[in-house]
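Student: I would like to take a close look at one part of this protein and follow it outward from there. Could you walk me through it?

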Amino acid sequence: MTPSAPSSGPSFELLSGAADSPVIVHVPHSAREIPADVRADILLDDPALARELDHITDSHTARIAEEAARACALRPWRFVNRLSRLVVDPERFPDEREEMLAVGMGAVYTRTTHRAELRPADHDPEPLIDRCFRPYARAMTEAVADRLAATGRAVVIDLHSYPTDPLPYELHGTGPRPPVCLGTDAFHTPPSLLAAAREAFAGCGEIGVNSPFIGTYVPLEFYGKEPAVGALMVELRRDTYMTEPGGPPDGTAIARLATALAALVAAESD
């Protein structure tokens, strides 16, 4: 991890897909980049921060999404976070609704995966929420709205990974940890979407649902309100495609997972 200079530019990128594709592959946790001014507020020394990034980053998921997109006849859109989730986590609630506040991991983390101090307990999260979280949320909302306007529906495939063994920060880490975990939402994950994911990833090992992680990401403007927005979380166990905790990928395994993701995208693009 090499801190970058402070930046006023966007912390994310929307990569264009086909005009008539309803699918957005969301990659929120794949980056390790931390701007230098944000790094200054983090209490870990450089080796400890590198180790924390190894544990907390969904390594190589952006590559899997990219290879899948290239394989699709109807290319999906991709919304990719370009900063580490140690800057802000765009999938957390930015207020007291967030259950991960109990372990210091709300939208702006104050604790590490091993519950050590990351930032001072009295750190004010609002500047980073205003600088990074809210623009990200607005842009993702606009991306979904654009797919709705263009195709009449939107499908958000939320791509993550997780370690073989539970980390101390996990609140629900005692359940099964299969090679592929599919996170669902009662309102936004229709049975057909879950079935398509099961079929697409059938060759990637055992598939579980909502364990060890549950739910999926939908912008709040649409959450629980717009049935034309479908959503599914895909969690890949890291030992199936890389050296843990933050080592290199297995190219053959990456290709297999990208092929499976492309098959899911294709099924949802009809």
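Which residues does leucine 236 touch, not counting residues up to four places away in sequence?

Tutor: Happy to. Please keep in mind that this is a predicted model. Leaving out residues up to four places away in sequence, leucine 236 touches Ile64, Leu159, His160, Ser161, Tyr162, Pro179, Val180, Phe201, Tyr241 and Leu257.

Let us place that residue in its surroundings. The largest nonpolar core has 36 residues, and Leu236 is among those with the most contacts inside it, together with Ile64, Phe201, Val234 and Leu264. At least two residues of this core come from each of β2, α3, β4, β5 (180-183), α5 (191-200), β7 and α6. Helix α6 gives the largest share, 9 residues. As a general background, nonpolar side chains in soluble globular proteins tend to be buried together.

Ile64, one of the contacts of leucine 236, leads us to helix α3. That helix spans residues 61-71, and its buried residues are Thr61, Ile64, Ala65, Ala68 and Ala69. These residues lie on the same side of α3, because the arc they cover around the axis is only 130°. On the face turned away from that buried side you find Arg70 and Ala71, both exposed. The buried residues of α3 pack against four strands and a helix, namely β2 (23-27), β3 (77-81), β4 (154-162), β7 (229-237) and α6 (251-269).

From α3 we can step across to β2, where 5 of the 5 residues are buried. Val23, Val25 and Val27 point one way from this strand, while Ile24 and His26 point the other way. That fits a general pattern: side chains in a regular strand alternate between the two faces of the sheet. Strand β2 has a parallel partner in β4, joined to it by 4 bridges, and isoleucine 24 stands opposite valine 156 of β4. Strand β3 also runs parallel to β2, again with 4 bridges, and here histidine 26 has phenylalanine 79 as its bridge partner.

Phenylalanine 79 opens up another neighbourhood. Phe79 belongs to one aromatic cluster with Phe12 and Tyr136, in a structure that holds 4 aromatic pairs. The rings of phenylalanine 12 and tyrosine 136 have centres 5.5 Å apart and planes at 80°, so they make an edge-to-face pair. Since phenylalanine 12 sits in strand β1 (residues 12-15) and tyrosine 136 in helix α4 (residues 126-151), this pair ties together parts 124 residues apart in sequence. Phenylalanine 12 counts as buried at 18% relative accessibility, and tyrosine 136 does so at 1%. The pair of phenylalanine 79 and tyrosine 136 is edge-to-face too, because the ring centres are 4.9 Å apart and the planes meet at 70°. This pair links strand β3 with helix α4, with the two positions 57 residues apart in the numbering. Phenylalanine 79 is buried, as is tyrosine 136.

To return to the cores, there is also a second, separate one of 29 residues, which includes Leu44, Leu49, Leu83 and Val108.

How values were computed
Residues are numbered from 1 along each chain as its sequence is written. Side-chain values use heavy atoms; hydrogens and water are left out. Buried means under 20% relative accessible area, exposed over 50%, partly exposed in between (1.4 Å probe, protein chains only). The arc is that of the directions from the helix axis to the C-beta atoms. Contact means heavy atoms within 4.5 Å. A nonpolar core is a set of buried Ala, Val, Leu, Ile, Met, Phe, Trp, Tyr and Cys residues joined through side-chain atoms within 4.5 Å. Two strands pair if DSSP finds at least two bridges between them. Rings of Phe, Tyr and Trp (its six-membered ring) pair if their centres lie within 6.5 Å; planes under 30 degrees apart count as stacked, over 60 as edge-to-face and the rest as tilted.
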